[in-house]
Amino acid sequence: LRYCHFVMGGNGKTVVCEPGSFEREHHFYQRALNAQIHPLVSYYLSLSPEVLLTRFCHLNPAADKEKIREILHTKPKYFRWAGSDLFHVTTVEGHRQTVVIETNSCPSGQKSMPLLDENEDHGGYISLMSKTVKPYLAEQDLPEGGLAVLYDKNVMEASGYANTLADVYDEKVYLVEWYKNDPDPPARFNDERILEIRTKEGEWVPIRAAFRYVTQKPWNRIFVSKTKTAIINPLNACLAGGRNKALAAKAYDFYNATLQTEEVGVSIRTPETIRDVSRAEVPLYVSSFGGHAVVKVPYGNAGQGVYTITSQKELDEFMEAEKDCPYDSYIVQSLIGNSSWSSVQRTGQYYHVGTIPNKKCHTFVSDLRMMIHYDYTLGCYRPLIIYARRTRTPLAETLTPESDSWAMLGTNLSVKTGDDQWDTETSRLLLMDRRDFNQLGISVDTLIDGFIQTVLSVIAIDNMAGNLIGEDGSFNTDLFTSLNKDEGLLKELKL
């Protein structure tokens, strides 16, 4: 990070990023630096909001165009930037569609995206900062102070955001590491709930607004409500579903009910999900799905705490691994696999479409990360970043008792190497470039469907985030406790 000054303190450090510090090679993977965006992806990202809407409604005749237009232009209250992980699936009848696996309130992806405009080195970083963050902050009554980017992983993108924010505002920005177990972090809140950053002289500088890329239990050190400092995204968006799979499932159900009542003609498609499951109950629900299921610790991310169960061996491994889990509940979802070993759910069975077979005729499971933001300059949601990931091993036609289902189904690239230490398996990353994109076998229509699914899931979580905040701006602990019956999580909240 050239032109940046390092400030040490505790386990985390603060970096001062000056305007003019952005250099592409620090904020993009090497593969992305040299990649040419695929013409189909470039075309999709250039489509106007009205064209996207018109095409979607043409392919979905039951959809109410006016109501979906209103949805796409609904200004979020809390959840302004997000990314959904989508599976491209098919049914027994061959009906292809995208399914939402989870929605993330601190999504990665900027470093994996080829440039849409060769003349704009900042890539998608500048779109988010100039079209979402700055216009939103201009509407807020902020305290005096500087700007900061908070993070606990993915320094490549976090520093990209900090350097871009410095360019957008033409002022220095503090890039601050804030780990969940840091005994002496370089960030804190004062008595007025204003965020403060420690300088190299040991002085505390007030911050008027902070962009947050804190992913590991952010609620144990950042107030979940009523901060004077503007936080993007705020913590109630995490607890409402952006970092809480249990409440996300409820948010989707509530919003789907609203969409059905209002006859919008669309819904959020997800695997069938059973919430608030104790560890002892997990085997019963796995059995109810035909012995094939996905079990998740609701509050993890980066693939942590996710178990694909296709055999007694894998079920036993889950029970052993989670015997000391500090949390009290799990979610169990139907498993999307191959045609001969997917879970049976009430809405039928989904199967992975997967990648185009390689020269060995191997098909791999892949997912699609669709990052979106609310563009205040256009007054609507827009797609921002897309990338894909594939699994380590190809999708098997049949399973054996010794099959490693996670190797066939787990797409996440993050590998935890220690406490607050991560590595990335970039060999499984599929870029939206001329080489990788063709492997996915998807079309513009798939991307449009994925965009609509992502917007619906984000609005569902934003609605839930609004329900968690009372009229006085405080966190509604009673409602949250009723919706999310997990003492282990409640003890972690910084209220």
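Which residues of the largest nonpolar core touch the most other members? In this predicted model, the answer is Tyr-44 and Phe-451, which hold that position within a core of 144 residues. Helix α13, spanning residues 444–467, supplies the largest share of this core, with 13 residues. A separate core lies apart from it and consists of 14 residues, including Val-99, Ile-336, Trp-341 and Val-365.

The surroundings of Phe-451 are worth a closer look. Once neighbours within four places in sequence are set aside, Phe-451 is in contact with Tyr-44, Leu-52 and Leu-72, as well as with Met-370, Ile-372, Tyr-381, Arg-382 and Pro-383. Tyr-44, one of these partners, is thus also the residue named alongside Phe-451 for touching the most other core members.

Attention turns next to strand β6. This strand covers residues 173–177, and 5 of its 5 residues are buried, so β6 is largely enclosed by the rest of the structure. The burial extends to both faces: Val-173, Leu-175 and Glu-177 are buried on one side, and Tyr-174 and Val-176 are buried on the other.

The pairing of β6 can be followed strand by strand. Strand β2 (residues 13–17) runs antiparallel to β6 and is joined to it by 4 bridges. Strand β5 (residues 146–151), in contrast, runs parallel to β6, with 5 bridges between the two. Val-173 appears in both pairings: Cys-17 stands opposite Val-173, and Val-173 is also the bridge partner of Leu-147.

The link from β5 to β6 involves helix α7 (residues 155–169), and together these three elements form a right-handed β-α-β unit. Within this unit, Ser-159 belongs to helix α7. Is Ser-159 buried or exposed? Its relative accessible area is 2%, under the 20% limit, so Ser-159 counts as buried. The side chain of Ser-159 reaches the backbone oxygen of Val-155 at 2.6 Å.

A further helix, α5 (residues 65–72), contains Arg-69. The side chain of Arg-69 makes a polar contact with the side chain of Glu-66, at 2.6 Å. When residues up to four places away in sequence are not counted, Arg-69 touches Glu-50 and Leu-53. As for a residue far along the chain, Leu-429 is 360 residues from Arg-69, and the C-alpha atoms of the two are separated by 33 Å.

Terms used. Residues are numbered from 1 along each chain as its sequence is written. This is a predicted model: local features need pLDDT of at least 70, side-chain atom pairs count only at pLDDT 80 or more; totals for chains, interfaces and linings use all residues. Side-chain values use heavy atoms; hydrogens and water are left out. Buried means under 20% relative accessible area, exposed over 50%, partly exposed in between (1.4 Å probe, protein chains only). Two strands pair if DSSP finds at least two bridges between them. A crossover is right-handed if, with the strands pointing away from the viewer, the path from the first strand over the helix to the second runs clockwise. Contact means heavy atoms within 4.5 Å. A polar contact is a pair of N or O atoms within 3.5 Å; within protein, one must be able to donate a hydrogen and the other to accept it, and residues adjacent in sequence count only if both atoms are side-chain atoms. A nonpolar core is a set of buried Ala, Val, Leu, Ile, Met, Phe, Trp, Tyr and Cys residues joined through side-chain atoms within 4.5 Å.
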